[in-house]
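Notebook open. I want to look up the empty spaces inside this one, then go over the ligands.

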Amino acid sequence: MGKVYLKTFGCQMNEYDSQRILSVFRNYGFIPSEIPETADFAMLNTCSVREKPQHKVSSEIGRLKKIKLKNPEFKIGVCGCVAQQEGENILSDFPYVDFVIGTEAVNRLDVIIDAVLNGERVADVEMKSENISIPAFRREASPSAYVTIMKGCNNYCSYCIVPYVRGSEVSRKSTEIIDEIKFLIDSGVKEVTLLGQNVNSYGKNLDENINFPKLLYMIDKIEGLKRLRFVTSHPKDFSREVIFAMRDIDKICEFLHLPLQSGSDRILRNMNRKYDYISYAEKISLAKEEIPGLSLSSDFIVGFPGETEKDFEDTISAIKEIEYESLFAFKYSPRPGTKAEKLDDTVDDKVKSERLEKLLNVQSAVTDKLLNNYIDKDAEVLIEGKSKKDEKIYSGRNRQNRIVNFESDKALSPGDIVNVRITDAKRNSLFGVNKECMTTLKN
Ligand code: SAH
Ligand code: SF4
Ligand code: F3S
């Protein structure tokens, strides 16, 4: 039986595509391999959102080249967003790469594998589909799973390469989404995370009379589904209706990732984000009011062209005011073909690093404060696994998506949902005890 090694960079879209890729290889009789050295096929699912992850690709290809020199039958493939962006250039720049497949070509992977097995070198980065259809596919057993509801992005934030490497926004038919979720539930899934670059504009290109809140209500009806999440929401399209759906649908977890990017209106305008800080903060206030226990998260870019000390201080004030439980922050990285690439990258790298460090320090204090609120309270935990060292220690996530490690005298399995009394809170995870076992102890 053949083996395939697949390394995934970037966001959940790539993780989802990687699962699809593995399922196609499985149909060909290939099994996954943890290391490339023992594999027949190696694939890199790449990300080009910033320069750093893009650079990693060439070093990873270099590593795979060494294996190919020893074993000429070893096949190397590059897919994902760098593949989409660079296309055939990858074949000419790296003569030992066998195939390059773009973000839409995952649909045609079987044809490509056939060609590669025939000794051909292939580059398929065609992107033309006006609709997406993804047949339900088998994946590794897990109580939680991703489900793509749309692809691409039409927002063209001035710094962002995603619209160029993922194409324009197209929604998937609701019946197909529902079918995939039912298929997952039948295979033991309890929690589904809906994926899209901008889930709040779901349905715009479809003939159906549907939008994102309507889709949420349809999914709510699926029996056996216990938890529902979604990423990413764009603040300009994040509506009151979505807030009310989050409030009214019990399955939707109290977690909202709503990337602000900057606290300065001037920078937001230059980023082409189409909202200002006040309108963002109003939506957050309403969401906090309507959804008790809501945990917030965000993305920020520091050092966008023209960002002054004052602009950066606006970002710091926003972080203090909103109180995210967690966030991701990045130094601005110019991306080829984007609008912002044409602006002078005015902020010195040293200043970018200082701002990033300051932002993360401010956030750490906010995180610590919020995490303390979990202590001595109960959390609903969906079990994902068990500690290898101690068989009484289990691991899962609370509804706010925090990892919870906890002790339980009662034997439990992945997919079980238990009530855990939280006893301690660290930045990486919460700790606690299975509530049921606490009562047995008392009696
Ligand atoms: N669709 C999502 C996220 C897309 S990419 C959204 O709209 O928020 C994930 C994050 O990477 C972005 O939120 C942004 O913070 C960051 N990012 C994107 N392009 C970047 C760039 N050129 N430099 C630095 N960070 C960037
Ligand atoms: Fe990029 Fe903006 Fe689209 Fe998000 S919404 S993927 S940041 S262009
Ligand atoms: Fe990266 Fe592509 Fe996602 S650029 S962040 S893997 S959509």
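**Entry: cavities.** I started with the enclosed space, keeping in mind that this is a predicted model. My search with a floor of 30 Å³ turned up two cavities.

I took the largest cavity before the other. Its space comes to about 200 Å³. I listed 14 residues in its lining, and those nearest the centre are D17, R20, T103, K151 and R166. By class I get five nonpolar, four polar and five charged residues in that lining.

Which elements supply at least two residues each to the lining of the largest cavity? I found α1 (12–27) and β8 (150–151). Of the contributors, α1 gives the most, with four residues.

Why does the largest cavity lie between domain 1 and domain 2? I checked the lining: domain 1 (3–124) and domain 2 (144–372) both give residues to it, so the cavity lies between them.

Next I went to the second largest cavity, which holds about 30 Å³ of space. I wrote down its lining as L228, R229, F230, I252, C253 and F255. Strand β11 (residues 227–231) gives the most here, with three residues. The class split of this lining is five nonpolar, no polar and one charged.

**Entry: ligand 1.** I counted 15 residues around ligand 1, with R50, Q197, Q261, D299 and S333 as the closest. By class, I sorted that shell into six nonpolar, four polar and five charged residues.

Then I pulled some N/O distances. The side chain of R50 has an N or O atom 3.0 Å from an oxygen atom of ligand 1. For Y159 I noted a backbone N or O atom at 3.0 Å from a nitrogen atom of the ligand. S333 also uses a backbone N or O atom, 2.8 Å from a nitrogen atom of ligand 1.

How much of the accessible area of ligand 1 does the protein cover? On its own the ligand has 530 Å², and I get 90% of that covered by the protein. The elements giving two or more residues to the shell are β13 (295–302) and β14 (326–331).

**Entry: ligand 2.** Last, I looked up what surrounds ligand 2. I found C153, N155, Y156, C157, Y159, C160, V162, P163, Q197, H234 and R273. I split this shell into seven nonpolar, three polar and one charged.

One cross-check before closing the notebook: Q197, which I had listed among the closest residues to ligand 1, is also one of the residues around ligand 2. Y159 is in the shell of ligand 2 too, and its backbone makes the 3.0 Å approach to a nitrogen atom of ligand 1.

Technical notes. Residues are numbered from 1 along each chain as its sequence is written. Chains are lettered from A and ligands numbered from 1 in the order in which they are written. This is a predicted model: local features need pLDDT of at least 70, side-chain atom pairs count only at pLDDT 80 or more; totals for chains, interfaces and linings use all residues. Side-chain values use heavy atoms; hydrogens and water are left out. A residue is near a molecule or strand if one of its heavy atoms lies within 4 Å of it. Ala, Val, Leu, Ile, Met, Phe, Trp, Tyr, Cys and Pro count as nonpolar, Asp, Glu, Lys and Arg as charged, and the others, Gly among them, as polar. A polar contact is a pair of N or O atoms within 3.5 Å; within protein, one must be able to donate a hydrogen and the other to accept it, and residues adjacent in sequence count only if both atoms are side-chain atoms. Accessible areas come from the Shrake-Rupley method with a 1.4 Å probe; for residues, only the protein chains shown count as cover. On a 1 Å grid over the protein atoms alone, a cavity is a set of points where a 1.4 Å probe fits but cannot get out, and a pocket is an open set with protein on both sides within 12 Å along at least five of seven lines; lining residues have an atom within 4 Å of a point. Grid points are joined across faces, edges and corners, and a volume is the space filled by probe spheres set on the points. Domain bounds come from an automatic or database domain assignment.
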